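Reader: I have a new model open on my screen and would like to know what stands behind the labels people attach to such models. Could you walk me through the reasoning?

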Amino acid sequence: MTERPLDIDAVRAFVRIAEFGSFTHAADSMRTTQSAVSLKLKRLEQRLGVRLVERTPRHVQLSAHGVAFLEQARGLLEVHDRALAVCAGQRQRLALGISDHVAGPELPALIARMNAQAPQLLIEIRIATSEDLLQRFDRRELDAAIVRLDTGRNDGELLVDEPFGWFAAPGWQHRTGEPLPLATMAEPCGVRAMAEQALDVAGVPWREVFVGGGVAAVAAAVMAGLGVAALAPRMLPLGAEEVGRRLGLPELPRLPILLHARARTGRSRDALDALAAAFRSVVRE
């Protein structure tokens with residue numbers, strides 16, 4: 001009698017659980033519920049006759065059988081997706097824009113997640129300001145854009161609210177009586193505007209000492225001891241210090257990160273869902 005075949009969706013759910021270490025993030029990436037992912041895993045384990053995942057109150061880890069099955073599961077999904085791509089004919093392209101204040105050091109890992117989800121997808125990524133990317137998205141030069149909240153519009157899917165703080169190099173000291181030396185991005189930049197407005201409202205005198213063309217340049221200026229910058233903690237090199245409380249600087253708000261996308265189904269949407277889930281897990285850690 002022919003063996004009952006494996007459920008591809010269940011195999012995909014298992015791989016997502018293994019990659020994210022979380023049922024919640026796996027469900028987000030598949031645009032389904034945590035209970036549905038749990039059910040898929042349960043059915044896969046029943047079909048294989050072994051436990052693949054060990055669940056504890058604090059984390060999820062693979063069993064010995066799960067570790068052994070993971071490589072084969074990934075291979076199965078790759079062959080499956082490649083077969084679908086052959087039948088689909090022309091290779092699908094996804095042009096994605098990511099704001100410079102959003103793309104952090106985790107970007108290579110996030111791209112790898114997208115590629116793992118849709119290996120036959122041709123992915124093009126552009127890094128720029130949120131304003132520039134939204135304009136390109138509206139002109140249909142981009143299929144999707146991940147940007148900071150733009151106060152002029154209310155569309156887009158909320159990915160996460162990210163915290164911001166005031167950062168300086170280790171041991172950096174502000175000279176008493178002098179305006180706060182500020183390292184910022186070039187205009188237009190929503191984070192720059194937010195930081196300067198917060199200082200003005202709080203009555204903190206400041207002056208620009210460095211204007212960078214990207215977050216990496218601003219972070220470098222901070223670590224070089226030029227001054228203070230308003231940045232998300234994950235954007236800073238190891239060793240940067242949060243100095244807001246010590247210097248009496250105003251508390252900065254959390255800023256929403258939004259996904260603007262036209263794709264609702266298909267490989268492009270699957271890749272974006274995998275990226276969104278991975279991004280949520282990175283920012284919340």
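Author: Gladly; what follows is a set of questions about this predicted model, each answered by setting a value against its cut-off.

Reader: Let's start with the overview: how many helices and strands does the protein have, and what share of its residues count as buried?

Author: The protein has ten helices and twelve strands. Of its 285 residues, 46% count as buried. The accessible surface comes to about 14800 Å², with 51% of that belonging to carbon and sulfur atoms. Among contacts between residues at least 6 apart in sequence, 75% join residues at least 24 apart.

Reader: What makes strand β5 "mostly covered"?

Author: Buried means under 20% relative accessible area. In β5, residues 144–148, five of the five residues are buried.

Reader: Which strands pair with β5, and in which sense?

Author: Strand β3, residues 93–99, pairs with β5 in the parallel sense over three bridges. In that pairing, Gly-97 stands opposite Ala-145. Strand β12, residues 255–261, runs antiparallel to β5, and five bridges join the two. Val-147 has Leu-258 of β12 as its bridge partner. Two strands count as paired from at least two bridges, so pairings of this kind are accepted by the rule. β5 meets it with three bridges to β3 and five to β12.

Reader: What makes the sheet with β7 an open one, and which strands are its edges?

Author: The open sheet has three strands in the order β10-β7-β11, with antiparallel pairing. Its edge strands are β10 and β11, as each pairs on one side only. Between β7, residues 165–168, and β10 there are three bridges, and Phe-167 has Ala-229 in β10 as its bridge partner.

Reader: Now the charges. How do you know that Glu-162 and Arg-234 form a salt bridge?

Author: A salt bridge needs a side-chain nitrogen of Lys or Arg within 4 Å of a carboxyl oxygen of Asp or Glu. The closest N and O atoms of Glu-162 and Arg-234 are 2.4 Å apart, and the pair is counted as a salt bridge. This pair links distant parts of the chain: Glu-162 sits in strand β6, while Arg-234 is in the loop between β10 and β11, 72 residues apart.

Reader: Are these two partners buried or exposed, and why?

Author: Buried means under 20% relative accessible area. Glu-162 has 2%, so Glu-162 is buried. Arg-234 has 14%, so Arg-234 is buried too.

Reader: What separates Arg-192 and Glu-196 along the chain, and what makes them a salt bridge?

Author: Because Arg-192 and Glu-196 are four residues apart in helix α7, about one helical turn separates them. Their closest N and O atoms are 3.5 Å apart, and the limit is 4 Å. Both Arg-192 and Glu-196 are buried.

Reader: How many salt bridges does this rule give, and which residues form a network?

Author: The count comes to six salt bridges. Asp-132, Arg-136, Arg-139 and Glu-141 are linked in a network. One of its links joins Glu-141 to Arg-136, with 3.1 Å from N to O.

Reader: Why is Glu-141 called partly exposed?

Author: Partly exposed lies between buried, under 20%, and exposed, over 50%. Glu-141 has 37% relative accessibility, so Glu-141 counts as partly exposed.

Reader: What makes the phi of Arg-140 worth a look, and why is Arg-140 called exposed?

Author: Most residues other than glycine have a negative phi. Arg-140 has a positive value, near 65°. Arg-140 is found in the loop between α6 and β5. The exposed class begins over 50%; Arg-140 has 62% relative accessibility, so Arg-140 counts as exposed.

Reader: Which residues make the nonpolar surface patch, and why does Ile-127 count as partly exposed?

Author: Ile-111, Ile-125 and Ile-127 make a nonpolar patch of about 200 Å². Ile-127 lies in strand β4. With 38% relative accessibility, Ile-127 counts as partly exposed because the class runs from 20% to 50%.

Reader: Finally, where does the label "transmembrane region" come from, and what does the model show there?

Author: The label comes from an unreviewed UniProt entry, which lists residues 209–232. In the model, that span is 38% helix and 29% strand, and its end C-alpha atoms lie 20 Å apart. Such annotations may be inferred rather than shown by experiment.

Methods
Residues numbered from 1 in each chain as written. Predicted model: local features only at pLDDT ≥ 70, side-chain atom pairs only at ≥ 80, totals over all residues. Heavy atoms only, no water. Patch = residues over 30% accessible without salt bridge, like charges linked within 9 Å, V, L, I, M, F, W, Y side chains within 5 Å. Areas by Shrake-Rupley, 256 points an atom, 1.4 Å probe, with all protein chains shown as cover. Buried < 20%, exposed > 50% of the residue type's maximum accessible area, 1.4 Å probe, protein only. Contact = heavy atoms within 4.5 Å.
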